[in-house]
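Colleague: Thanks for sitting down with me over this one. Could you walk me through its pockets and its ligand?

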Amino acid sequence: MRFDVLTLFPDIFRGYLEQSLLKRAIEAGRVEVRLNNIRDWTHSKHNNVDDRPFGGGPGMVMKVDPVVECVEAVQSAHTEPGHLVMLTPQGRRLDQAAVEGLAQHQRLLLLCGRYEGFDERIRLILRPEEISIGDYVLNGGEVAAMVIIETVIRLVPGVLGDEDSSASDSFSGSRRWLEWAQYTRPREYRGHQVPAVLLGGNHQAIQQWREENSRERTCQRRRDLLDQE
Ligand code: 6GU
């Protein structure tokens with residue numbers, strides 16, 4: 001799986017790429033992440049990547065030419081074009097089904113914006129898939145791009161250890177329940193006991209308890225998930 005990130009702030013990604021799971025996946029050659037600075041594709045004397053909106057109003061708009069030329073340069077480095085994703089609050093809201101769709105591609109280009117938005121001609125020329133990570137405001141698409149990288153690589157074979165298979169996660173496949181309550185040692189802490197059934201070694205009873213716990217929590221916290229079933 002390969003990601004080409006297009007951003008004005010590549011440094012935001014560096015610490016993230018060095019965290020253990022992702023670092024191991026990169027070292028094993030399962031994942032590759034290339035950072036591209038959109039500012040390298042400016043022509044103006046002052047390297048402007050943004051400008052005031054025509055018609056007036058607050059804020060600055062990402063200019064069309066550096067973005068289009070950066071995307072074209074990244075695409076032309078390969079024979080097959082990668083799938084272009086634009087991170088924007090105006091996009092389709094990311095959920096696990098969307099993540100599974102993105103994971104079908106060999107190569108994703110993640111286009112991050114800053115400022116008030118993108119010049120509309122970027123959309124018209126590049127026809128990206130537009131994705132939002134939720135109904136709240138971010139300063140830019142960089143954190144959203146990291147969310148995409150993290151959710152997609154969890155589906156790449158070999159990235160997670162066996163003991164942590166993504167197939168058993170909440171929201172994976174047809175399963176839409178929240179995870180059951182988990183406990184580890186000690187058996188008692190400040191008077192709070194681990195449920196006795198989990199200590200008993202009766203695997204059928206444990207499985208039954210977990211299913212019930214999972215359903216109850218989903219019902220209490222995320223009724224909307226049960227209603228979707
Ligand atoms: Cl993808 N970008 C920005 N700027 N804000 C967002 C977002 C993306 N998703 C939610 N809010």
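Modeller: Happy to, and please keep in mind that this is a predicted model. Let us begin with the largest pocket, whose volume comes to about 530 Å³.

Colleague: Which residues are the closest to the centre of the largest pocket?

Modeller: The lining of the largest pocket is made up of 20 residues. By class, they divide into six nonpolar, six polar and eight charged. The ones closest to the centre are Leu94, Asp95, Gln96, Ala97 and Phe171.

Colleague: Which element gives the largest share of that lining?

Modeller: At least two lining residues each come from helix H4 (96–102), helix H6 (142–153) and helix H8 (223–227). With three residues, the largest share belongs to H4.

Colleague: And the ligand, which pocket does its space correspond to?

Modeller: The 530 Å³ or so we started with belongs to the largest pocket. The space that the ligand takes is the second largest pocket.

Colleague: Which strand gives the largest share of the shell around the ligand?

Modeller: Two elements give two or more residues to this shell, strand S5 (83–93) and strand S8 (129–132). The shell includes Leu87, Thr88 and Pro89, numbers that fall in the range of S5. With three residues, the largest share comes from S5.

Colleague: How many charged residues does the shell around the ligand hold?

Modeller: Besides those from S5, the ligand is surrounded by Ile131, Ser132, Ile133, Gly134, Tyr136, Leu138, Gly140 and Ala144. The shell residues divide into seven nonpolar and four polar. The number of charged ones is therefore none, as the classes put it: no charged.

Colleague: Which residue places a side-chain N or O atom 3.3 Å from a nitrogen atom of the ligand?

Modeller: Backbone atoms take part too: an N or O atom of Ile133 lies 3.0 Å from a ligand nitrogen, and one of Leu138 lies 3.5 Å from a ligand nitrogen. The side chain at 3.3 Å is that of Ser132.

Colleague: How much of the ligand's accessible area does the protein cover?

Modeller: On its own, the ligand has 290 Å² of accessible area. The part covered by the protein is 94%.

Colleague: Where is the cis peptide bond?

Modeller: Look in the loop between H6 and strand S9 (188–189), where Pro186 lies. Omega is about 0° for the bond that joins Arg185 and Pro186.

Colleague: Last one: which residue has a positive phi although it is not a glycine?

Modeller: Go to the loop between strand S6 (107–112) and strand S7 (117–118). The residue there with a phi of about 60° is Tyr115.

How values were computed:
Residues are numbered from 1 along each chain as its sequence is written. This is a predicted model: local features need pLDDT of at least 70, side-chain atom pairs count only at pLDDT 80 or more; totals for chains, interfaces and linings use all residues. Side-chain values use heavy atoms; hydrogens and water are left out. A residue is near a molecule or strand if one of its heavy atoms lies within 4 Å of it. A polar contact is a pair of N or O atoms within 3.5 Å; within protein, one must be able to donate a hydrogen and the other to accept it, and residues adjacent in sequence count only if both atoms are side-chain atoms. Accessible areas come from the Shrake-Rupley method with a 1.4 Å probe; for residues, only the protein chains shown count as cover. On a 1 Å grid over the protein atoms alone, a cavity is a set of points where a 1.4 Å probe fits but cannot get out, and a pocket is an open set with protein on both sides within 12 Å along at least five of seven lines; lining residues have an atom within 4 Å of a point. A molecule sits in a cavity or pocket if more than half of its atoms lie within 2 Å of its grid points. Helices (H or I, at least four residues) and strands (E, at least two) are DSSP runs, numbered from the N terminus. Grid points are joined across faces, edges and corners, and a volume is the space filled by probe spheres set on the points.
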